[in-house]
Amino acid sequence: MASTQTSEKTISEKQRLKLAKFAIKKEKQEQQAQQAQQRLDGAAKDKKLKRQDAPAVESQDWIEETPTGRKKILKSLDDEFHKAYIPKVVESAWYSFWEDQGLFKPQTQENGRLKPKGKYVIAIPPPNVTGKLHIGHALALSLEDTLIRWHRMLQYSTLYIPGTDHAGIATQAVVEKQLAKHPIDGKSKRQDFSREEFVQLCQDWKEDYHREINKTTRRLGVSVDWSREAFTMSPQLSKAVTETFVQLHSEGLIYRANRLVHWSCRLSTALSTLEVDQKELEGSTKLDVPGYDRKIEFGTLTYFKYPIEGTNGQTIEVATTRPETMLGDTAIAVHPQDDRYKDFVGKTALHPIIPDRKLKIIADEYVDREFGTGAVKLTPAHDHNDFNLGKKHNLPFINILNEDGTLNSNAGHYAGEKRFNARYGVIEELKSLGLLTKQEPNKMVVPICSRSGDVIEPLLKPQWWMKMQPLKDPAIKVVESGELVIRPDVQKRQYLTWMRDLQDWCLSRQLWWGHQIPAYYISFEGEEADNNANDDYWVCGATEQEARSKAEKKFPGKNVTLKRDEDVLDTWFSSGLWPFSTLGWPDKTPDLENYFPTTTLETGWDIVPFWVSRMIMFSLKLTGQVPFKEVFCHGLIRDSDGRKMSKSLGNVIDPIDILDGISLDELHQKLLQGNLAQSEVKNAERYQKKAFPQGIPEVGADALRFSLVNYTQASGSDINFDVKTMHSYRRFCNKIYQATKYVLGKLGEDFVPRETSALAGKESLPEKWILTKMNSAAKQINRALEEREFARSTQISYRYLYDELFAIYIENSKSIISEGTTEEARSAMDTLYTTLETGLRLLAPFMPFLTEELWQRLPRRPGDDTISITVAHYPEYDPSLDDARSETAYELVLGCSKGIRSLMVEYAIKDKGVAYIAPLTQMSHDTVTAQISAIESLSGKTPVEITILQVGEGITTNCRCAVFPVSADANVYLLVQDRIHDFGKEAEKYQARLDAAEKEQHDIESIRADMMKVQNKDVTDALQVVEVRKRDVEARLRALQETVTMFEKMKV
């Protein structure tokens, strides 16, 4: 018994999702096969449509006549700009109308309270003002706006807060690069300006790109509440930053200390871990380093000896990948159990280059005896591991590095030299002293500044730090308890792993653009200043007056002088306050009361440890609440070669270029306008020629949004950019556009819809089928969005509209409307209206412009005065519309007609065909008998004589018929006796189909057996799918086996 329970537990935990995914995958494959066949069936029609729908005008010639903010003037669909779908024409005017009507503001009840369903709030992950938005931003905005629009239509009080991040180091870096390329009045670097002048340059840059960011956001149709727009350096958010720093310093969580930081010599500032790229080297490699004319070698292990004091030539050998740091060595460490060095412990080594420098030889279990020589040189001021050993053994900390990357006086006669020039000098000097023993390749990781490409140096500097231990434990607890959900689960695990190993956070940045730290150093008149690393001589305050009051209270009777710290805070400090500072914190505002905590944070997985973790810690500490209830992490968009998109590679895509289209030459020109290194321009051009040989076609906002949402898997996997896929969804947009034009034409100008979409009781079988499909789509899309199955939500909407409504029902309704009775025609038109209008509302969160344009052209139901599809009710599941029996019956009709069409095409019958339908149950016999006219009309243009066999009445083995197994309910046969010249080859063809069916049966049986072991409701739906497919494949096997046997007998 115990073993059975163990087995079931293992399955439920490790195999359950695998089993469900298998079934879903099989279902999807079947759906894709159906779609492919339906598109094949409609290929001729599509070609005709393409000829009809090709725009005869250019989108750039379109001039919108609607005044800004007014409801769009809808032109006739026969107008030359409206005959076919043109994105620019469809998208024009709507956004300003939405804004002017206040549709993006939270909708509340008349008394101002939230709607009964409650709130749904997203604070936009603020894009950096370093430049324009890229395709990764478009992905995030598309996903977020889909959720926002969906909840708005579900009648939540919905708020989407826009804003931007000042992005301290990133913005300052691009401004400095621009200065270097385009000096102002001969000034080419930051130091040529006063701080105020340079900050103004950054402010000007921010204003330019802030406008571009907002313009693109609007072009994408993103429904943010612009009246609540935030900026991390606005007065309100700066107030929140100051309040937080002062409070946490007073509580001892922020402190001053002299510790190692990641230092960028090129930018002259400390960096966060996020701004450091780890470049892995397999061995000796020469790299370009800014400021050097030659490439510098890394990945080489250099061995050399230190003489031992008081001995006759005794030495100890060490190895290092950074030979220049030996100028700052203060000790040598060995493992206490390493017999090779037991007599060395306690002795002193002499520095061969720095006179009078002596190095203690210590023992510590940290030392890896297998690496290098087993003896480790220690440079506590320039290595993170050595720093810890230095603290532990009370070693001297000798800094040899100036902030600009040159060596200081502690480096002896190398003072003033560039650090990597000194590297080669040290090697040569050791060689001349006879102390260099060898060099060999060595795997290593080189830390690179992501902003400048410089090699990062560990540097000892007095900085402001924040204690993480008291903050991280509550932030771990809320995720472990489920109070805050992180999806997908892999990102939850990454978050917890990161948090459990979180070290204190260096807050200081040696920049001018950012929030200047509200800390003041205290000195006394007539007294020598103390070390500014000592926290005792610092006070913090929202104003200098507040800080002075604290200083005088701290040192009564002293004549104090205050000097404000010139450093600014790490950008993540202000962005960590984003979810509540944007709502007015630290003030107690109505927005903070009504809309905090926010609901969802949607972001890329790459910044979960750096940004998401800080927001959670800050929020729990400062507000006592989680900042949001859920984090969904999407994958990163990579280029078509799978590379991460990066400005330094020149493969970043501007969404506007996808919306409007751009030529290859124009793409090349844009490479020259940015800060891309000249050495990378040619590589970037080669990539563009390969990826976009004809440039990028005009796709439009709706197709771009839809494709980006469709790319997004719940697993958060990364995405390879493919503009062809995006352009294919423009064709989908055109299909929606043309189908709506057709429906409007059929309904006529005088058509008035029924008051409700409830069943009238007079619906035909095709109507019941499409209404059931519509209801099922509503149910499945809502569920998919709820579960953040974004790709599935778009696939369902596509399948409903393209494959079910357009390809089947609209086509099938034509004969009913034109040939049926008045009552039948009216019912068909009512259903046509209901299914199309509902379809547009289902699609609205994904495609806001197109759905608004078309929905506004449809007549409203009596009493419906909804001003925009933006605030219309989102379709939800209605049990009264479910009709499984009618759905099954019509699926059989469609399957039989599809089988006849497929066989007629396969055997190239173009005159007249003879077909048989063999029902396998009495119910299917009754259905095909009642619907024989529909089957005949759907079987194609070629005439075909159809005979319905009795249940159990088989096809004789000498009738020479080909088979199309429809399902477990029926088979279709086509008489092909005059079309087959080689029955042996025909038998082989059907044998191959039989083999494939047998393999499928084996797979289904295997997965079904595993599923049967799982007592879990989560796999119930998937199991039902498997059961249906099991019955279908068993019927297919029987039909195919009979056909193989028949053709085998007919072989000559």
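Start with helix 5, residues 135–153, and helix 21. Their axes come within 9 Å and cross at roughly 90°. That angle falls between 65 and 115 degrees, so the two helices count as roughly perpendicular to each other. Keep in mind throughout that this is a predicted model.

Who makes the contact? On helix 5 we have Ile135, Ala138, Leu139, Ser142, Leu143, Asp145, Thr146 and Arg149. On helix 21 we have Leu704, Arg705, Leu708 and Val709.

Now step off the end of helix 21. Helix 21 spans 701–711, and a loop runs between it and strand 29, at 719–720. Ala714 is found in that loop. Is Ala714 buried or partly exposed? Its relative accessibility is 22%. Buried would need under 20%, so Ala714 counts as partly exposed. Leave out residues up to four places away in sequence, and Ala714 touches Pro488, Phe632, Arg788 and Glu789. For a sense of distance, take Gly372, 342 residues apart from Ala714 along the chain. The C-alpha atoms of Ala714 and Gly372 are separated by 46 Å.

Next, a second helix pair. Helix 11 covers residues 469–480 and helix 12 covers 489–500. Their axes come within 10 Å and cross at roughly 160°. How do they run relative to each other? Over 145 degrees counts as roughly antiparallel, and therefore helix 11 and helix 12 are roughly antiparallel. The crossing of helix 11 past helix 12 is left-handed. Helix 11 contributes Lys472, Ala475, Ile476, Val479 and Glu480 to the contact. Helix 12 answers with Lys492, Tyr495, Leu496, Met499 and Arg500.

On to the sheets. One is an open sheet of four strands, order 6-5-18-20, with antiparallel pairing. Strand 6, 269–271, and strand 20, 505–506, are the edge strands, each pairing on one side only. Inside the order, strand 5 and strand 18 run antiparallel, joined by ten bridges. One pair to look at: Val261 has Leu459 in strand 18 as its bridge partner.

Helix 9, residues 384–393, belongs in this part of the talk. Which of its residues are buried? Asp386, Phe387, Leu389 and Gly390. Those buried residues pack against strand 5 (254–264), strand 15 (375–378) and strand 18 (457–466). So much for its packing; now its two ends. At the start of helix 9, a side-chain oxygen of Asp383 reaches to within 2.9 Å of the backbone nitrogen of Asn385. After helix 9 comes Asn394, with a positive phi, near 55°.

The other sheet is also open, with four strands in the order 31-30-33-32. Here the pairing is mixed. The edges are strand 31, at 944–948, and strand 32, at 961–965, and each pairs on one side only. From one strand to the next, the twist averages 25°. Helix 27, residues 884–906, packs on this sheet. Helix 27 touches strand 30, strand 31, strand 32 and strand 33, and its direction makes about 25° with that of strand 33.

Take strand 30 on its own. How enclosed is strand 30? Five of its seven residues are buried, so strand 30 is largely enclosed by the rest of the structure. With strand 31, strand 30 pairs in the parallel sense, over five bridges. With strand 33, residues 970–975, strand 30 (913–919) pairs in the antiparallel sense, again over five bridges. Ile917 shows both partnerships. Ile917 stands opposite Ile948 in strand 31, and its bridge partner in strand 33 is Val972. Next door, Tyr916 has Tyr973 in strand 33 as its bridge partner. As a reminder, in a regular strand the side chains alternate between the two faces of the sheet.

Last stop, a single residue: His166. His166 sits in the loop between strand 3, 163–164, and helix 6, 168–181. Its relative accessible area is 1%, under the 20% cut-off, so His166 is buried. The side chains of His166 and Thr232 are joined by a polar contact of 2.7 Å. Who else surrounds it? Not counting residues up to four places away in sequence, His166 touches Val129, Thr171, Phe231, Thr232, Met233, Trp513, Gly514, His515, Thr571 and Ser574. Set the two loop residues side by side: Ala714 is partly exposed, whereas His166 is buried.

Key. Residues numbered from 1 in each chain as written. Predicted model: local features only at pLDDT ≥ 70, side-chain atom pairs only at ≥ 80, totals over all residues. Heavy atoms only, no water. Buried < 20%, exposed > 50% of the residue type's maximum accessible area, 1.4 Å probe, protein only. Contact = heavy atoms within 4.5 Å. Polar contact = N/O pair within 3.5 Å; in protein donor to acceptor, adjacent residues only side chain to side chain. Pairing = 2+ DSSP bridges. Axes fitted to C-alpha atoms, helices over the stretch in contact; angles between N-to-C directions. Parallel < 35°, antiparallel > 145°, perpendicular 65-115°, else oblique. Left-handed = near helix turned anticlockwise from the far one by under 90°.
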